[in-house]
Amino acid sequence: MTPTRRKIVYAVTFEALGTLVASAYLWIVSNASAGSSLALAILTATIALCWSVAFNTIFEASEARQPVKGRSFRRRTAHALLFEGGLVLICIPVMAWWLQVGYLQALVYEAGLIAVFIVYTYLFTWAFDRIFGLPASAR
């Protein structure tokens with residue numbers, strides 16, 4: 001499999017299964033129906049995609065103005081924390097509204113979702129590499 005095709009298969013499969021994982025998690029922890037949980041998972045995945053495009057456009061514009069070029073550990077950490085922090089700030093009100101819960105409860109759901117996705121990402125990547133083999137960069 002070509003590197004480009006591998007990335008596309010990885011991304012599409014990751015997002016499709018991730019939406020189902022998020023939906024199942026939301027269904028289990030909230031009083032929402034399975035259909036409502038799936039719709040919320042799709043909505044938050046769409047928000048994450050849009051936020052990614054917007055955030056990275058802003059971040060890269062800021063990065064281009066920096067006198068020191070490159071992506072140091074500090075810059076990558078700032079990117080990750082700002083991206084995830086912004087996504088949480090966007091998703092909390094949406095989740096609270098959708099599930100008809102308070103902001104604190106939505107924050108708890110979001111924190112759980114982040115924890116679930118850390119485990120999911122690890123397991124998905126491991127399984128993907130077992131099925132499709134390691135990418136050239138890891139061999």
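Helices here are DSSP runs of H or I with at least four residues, numbered from the N terminus. With that in hand, select Leu38: this residue is found in helix H2. What you have open is a predicted model, in which local features need pLDDT of at least 70 and side-chain atom pairs count only at pLDDT 80 or more, while totals for chains, interfaces and linings use all residues. Residues are numbered from 1 along each chain as its sequence is written, and side-chain values use heavy atoms, leaving out hydrogens and water.

**Stop one: helix H2**

Select residues 34-64, which make up H2. The expected span of a helix is 1.5 Å times one less than its number of residues. For the 31 residues of H2 that gives 45 Å, and the end C-alpha atoms are 44 Å apart, which agrees.

Now colour the buried residues of H2 (buried means under 20% relative accessible area, exposed over 50%, partly exposed in between, with a 1.4 Å probe and protein chains only). Among them are Trp51, Phe55 and Phe59, along with Ser37 and Glu63. Show helix H1 (3-29) and helix H3 (73-99) too, as both are included in what covers these buried residues.

**Stop two: a nonpolar patch**

Return to Leu38, which is partly exposed at a relative accessible area of 32%. Add Leu17, Leu20 and Ile42: with Leu38 they form a nonpolar patch on the surface, with about 330 Å² of accessible area together. H1 and H2 are the elements that give two or more residues to this patch. Patch members have over 30% relative accessible area and no salt bridge, and nonpolar side chains (Val, Leu, Ile, Met, Phe, Trp, Tyr) are joined within 5 Å. The areas come from the Shrake-Rupley method with a 1.4 Å probe.

**Stop three: the salt bridges**

A salt bridge is a side-chain nitrogen of Lys or Arg within 4 Å of a carboxyl oxygen of Asp or Glu. How many does a search of the whole structure find? There are three.

Start with Asp129 and Arg6, whose side chains meet at 2.7 Å, N to O. Asp129 lies in helix H4 (residues 103-132) and Arg6 in helix H1, so the pair ties together parts that are 123 residues apart in sequence. Arg6 counts as buried, at 14% relative accessibility.

Next, select Arg71 and Glu60, which meet in a salt bridge at 4.0 Å, N to O. Arg71 lies in the loop between H2 and H3 and Glu60 in helix H2, so this pair ties together parts eleven residues apart in sequence. Arg71 also meets Glu63, at 2.8 Å, N to O.

Keep Glu60, Glu63 and Arg71 on screen together, as they are linked in a network of salt bridges. Is Glu63 buried or exposed? Glu63 is buried, with a relative accessible area of 14%, while Glu60 is partly exposed at 43% and Arg71 is partly exposed at 41%.

Notes
Contact = heavy atoms within 4.5 Å. Patch = residues over 30% accessible without salt bridge, like charges linked within 9 Å, V, L, I, M, F, W, Y side chains within 5 Å.
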